[in-house]
Amino acid sequence: MTLPSHLQFTGRHAPQRGSIPLPDRRLMIETDPPEQGIFIPKIVSKPVKTGHGIKIGIFAGIHGDEEAGTLATQELIRWAAEKPEELHDYELHFFPVCNPTGRNLGTRHSHSGLDLNREFWFGSTEPEVVYLEAELRRELYEGIISLHSDDTSDGCYGFVSGALLSEHLLEPALQAAAEFLPRNEQHIIDGFLAARGIIKEGYLGILSAPPEQRPHALEIVFETPALAPMDAQVKATVAAVKRILAEYRELQAYAANL
């Protein structure tokens, strides 16, 4: 795929201790990474006016067996490529495959056997975490959207943290996703108290903004039911992310006029 001028493909090779085979699948763009290292693709969609975009990071595939988020991110990249006018005031950074070795193996964990989404901000030496932490510190995203799927859930739900606006954005996102998949209405989800699919607690060590970042970033983890049809999961995820972006834009415009 040839990228339009407002999209930039910038992936990095995470520093690797030793050599492992790379995934066979390529994502969106053909690349020729070296034989050693872990390649984590990154695609950046630039705003119309350079330096005048709301910077949001969208992360998928930190669990290698959760394909819906990766496929949804591909659809979002295609949207950014084909309809840039709908994202004129956003700078979106897409990370479609954060755990390439786990994806290649079809496992939640990376090739090292670790759940990478419990390794952040604890001094981990896992190469994927080292690279992603460096990106999170360098970019200082205003918002972080993490895409997941849960094989124990019968509906969509999400975690919110960081900025106070997070909860107000997840609710309309779940409404948008409901066109394709139901909301998880249980009072306990994944061991946490939930209110209509919204959880305000969460696990330690997940992919998130740097602890020292101020002001706090908007942080949303969106989950689809992994046993639902893949097409429905992808459509629900895309609809949720689009709604988050639309609602955040409106809130930003409202705040500017106060």
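The following exercises, each with a worked solution, introduce a predicted model of a protein.

In this predicted model, local features need pLDDT of at least 70 and side-chain atom pairs count only at pLDDT 80 or more, while totals for chains, interfaces and linings use all residues. Residues are numbered from 1 along each chain as its sequence is written, and side-chain values use heavy atoms, with hydrogens and water left out.

**Exercise 1. State how many helices and strands the protein has, and what share of its residues is buried.**

Solution. Begin with the elements, which are DSSP runs numbered from the N terminus: helices (H or I) of at least four residues and strands (E) of at least two. There are five helices and twelve strands. Next, apply the burial classes: buried means under 20% relative accessible area, exposed over 50%, and partly exposed in between, with a 1.4 Å probe and protein chains only. Of the 258 residues, 56% are buried. Finally, consider contacts (heavy atoms within 4.5 Å). Among those between residues at least 6 apart in sequence, 77% join residues at least 24 apart.

**Exercise 2. Compare the reach of helix α3 with its expected span, and list its buried residues.**

Solution. Helix α3 covers residues 127-139, which is 13 residues. The expected span is 1.5 Å times one less than the number of residues. For α3 this expectation is 18 Å, and the distance from the first C-alpha to the last is close to it, at 18 Å. The buried residues of α3 are P127, E128, V129, Y131, L132, E133, E135, L136 and E139. After the helix comes L140, in the loop between α3 and β7. L140 has a relative accessible area of 47% and is therefore partly exposed.

**Exercise 3. Describe the burial and contacts of S110 and S124 in the loop between α2 and α3.**

Solution. S110 is found in the loop between α2 (100-105) and α3. Its relative accessible area is 4%, so S110 is buried. Leaving aside neighbours within four places in sequence, S110 is in contact with N99, T101, G102, L116, E126 and E128. S124 lies in the loop between α2 and α3 and is buried because its relative accessible area is 12%. Not counting residues up to four places away in sequence, S124 touches E119, V129 and V130. The C-alpha atoms of S124 and G205 are separated by 9.8 Å, although these residues are 81 apart along the chain.

**Exercise 4. Identify what is notable in the backbone at W121, L140 and the bond from R214 to P215.**

Solution. Most residues other than glycine have a negative phi, and most peptide bonds are trans. W121 has a positive phi, near 65°, and L140 has a positive phi, near 45°. W121 is in the loop between α2 and α3; at 17% relative accessibility, W121 counts as buried. The peptide bond from R214 to P215 is cis, with omega near -5°. P215 is in the loop between β11 (198-199) and β12.

**Exercise 5. Give the class make-up of the lining of the largest pocket.**

Solution. Sort the residues first: Ala, Val, Leu, Ile, Met, Phe, Trp, Tyr, Cys and Pro count as nonpolar, Asp, Glu, Lys and Arg as charged, and the others, Gly among them, as polar. A pocket is an open set of points on a 1 Å grid over the protein atoms alone, where a 1.4 Å probe fits, with protein on both sides within 12 Å along at least five of seven lines; lining residues have an atom within 4 Å of a point. The lining of the largest pocket has 20 nonpolar, 14 polar and twelve charged residues.
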